[in-house]
Amino acid sequence: MADSKGMCPHRQHMDDPNIVWREGKPDFTQVNKAYLEGRTRVHKEGSLEKIVEDLVKTWEMEASHKTRIEDWQSVDTEVFTIRANNQRSFTLKEMIEEGNYNALMQQQPLYNSEAHTFESSHELFRSAFSKGFPWELIEVFSGPPRVAFSWRHWAHWTGPYKGKDPTGELLEMFGMAVAEVDENLKIKSIDVHYDPNQILMKLEGQK
């Protein structure tokens, strides 16, 4: 997709021919389109908001698609940890094995992380959100080295979820995060706070 005005996300560290991709080099054309059509914020090029949003999107790309620690560039691979809602922390190696969804949805009544592999968890939500599951940064509250920010994740429910037919409705969830970064803006840790039931309840047919 053309990016003459700097509108699309800038996901870095994708061009090294030696990267081992989980399912081939990813194509973000569809999710970029969903992002541009559904976002609620437009951050100026060079702003702290744009820098942080692109850093998180680069991290998200690596988390979903890179299988080797040595291919990761968005994080300090020796110290990186991530946790959500004060549950257990995951190292980079553990997160690569478990996947984003399992790492970020521990101890949830509507999602059993212990029953899912990386592959099954991603297939579950890729099926439901077949046109993409975009993410945007809403506001930055503090700059480096501890970057606190709010965010929004959204998708239209366009495919089956656990055998349930899609409704086509817009599903959204909001949250906060604090990312500790080093002097090169490599992420050392991410601490996420959010309620996944904002979306899970809708997918399960609950109000």
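**Exercise 1. The pairing of β5 and β6**

How many bridges join strand β5 (residues 170-181) to β6, and do the two run parallel or antiparallel?

*Solution.* The model under study is predicted. Step one is to count the bridges: seven of them join β5 to β6. Step two is the direction, and β5 and β6 run antiparallel. Step three places a residue pair, with E180 standing opposite S189 in β6. Step four turns to the hairpin of these strands, which has five residues between them. Within this hairpin, L185 takes a positive phi near 60°.

**Exercise 2. The other partner of β6**

Determine how strand β1 (residues 81-84) is joined to β6, and establish whether β6 is enclosed.

*Solution.* Strands of a sheet pair through backbone hydrogen bonds, and the pairing is either parallel or antiparallel. Between β1 and β6 there are four bridges, and these strands run parallel. T81 stands opposite S189 in β6, and S189 is also the residue that E180 faces. For the enclosure, the cut-off for a buried residue is under 20% relative accessible area. Six of the eight residues of β6 (residues 187-194) are buried, so this strand is largely enclosed by the rest of the structure.

**Exercise 3. The sheet as a whole**

Give the order of the strands in the sheet, and explain why β2 and β3 each have one side without a neighbour.

*Solution.* The sheet is open and has six strands, in the order β2-β1-β6-β5-β4-β3. Its pairing is mixed. The edges are formed by β2 (90-91) and β3 (135-142); each has a single partner strand, so one side of each is left without a neighbour in the sheet. For β3, six bridges join this strand to β4 (residues 146-156), and the two run antiparallel. One of the facing pairs places E139 opposite S150 in β4.

**Exercise 4. Two buried residues**

Describe the surroundings of W154 and H122, and state for each whether the residue is buried or exposed.

*Solution.* Begin with W154, which lies in strand β4. Its relative accessibility is 3%, so W154 counts as buried. Beyond its neighbours within four places in sequence, W154 is in contact with residues including A34, Y35, G38 and R39, as well as F133, P134, W135, L170 and L171. G38 is 116 residues from W154 in sequence, yet their C-alpha atoms are 8.1 Å apart in space.

Continue with H122, found in helix α5 (residues 118-128). At 5% relative accessibility, H122 also counts as buried. Leaving out residues up to four places away in sequence, H122 touches S64, G99, N100 and Y101.

**Exercise 5. The whole chain**

Outline the chain from its secondary structure to its overall dimensions, burial and charge.

*Solution.* First, the protein chain contains six helices and six strands. Along the sequence they follow the pattern α-α-β-β-α-α-α-β-β-β-β-α. The radius of gyration is 16 Å, close to the 17 Å that the globule rule gives for 207 residues, so the chain is as compact as a globular protein of that length. The C-alpha atoms fill a box of roughly 45 × 35 × 35 Å along the principal axes.

Next, 48% of the 207 residues count as buried. Of the contacts between residues at least 6 apart in sequence, 58% join residues at least 24 apart. The accessible surface comes to about 10,600 Å², and carbon and sulfur atoms account for 50% of this area.

Finally, the chain carries 25 positive and 33 negative charges, whose mean positions are 4 Å apart.

Note on methods:
Residues are numbered from 1 along each chain as its sequence is written. This is a predicted model: local features need pLDDT of at least 70, side-chain atom pairs count only at pLDDT 80 or more; totals for chains, interfaces and linings use all residues. Side-chain values use heavy atoms; hydrogens and water are left out. The radius of gyration is taken over C-alpha atoms; the globule rule is 2.2 Å times the number of residues to the power 0.38. Buried means under 20% relative accessible area, exposed over 50%, partly exposed in between (1.4 Å probe, protein chains only). Contact means heavy atoms within 4.5 Å. Accessible areas come from the Shrake-Rupley method with a 1.4 Å probe; for residues, only the protein chains shown count as cover. Lys and Arg count as positive and Asp and Glu as negative; His and the chain ends are not counted. The place of a charge is taken as NZ of Lys, CZ of Arg, CG of Asp or CD of Glu. Two strands pair if DSSP finds at least two bridges between them.
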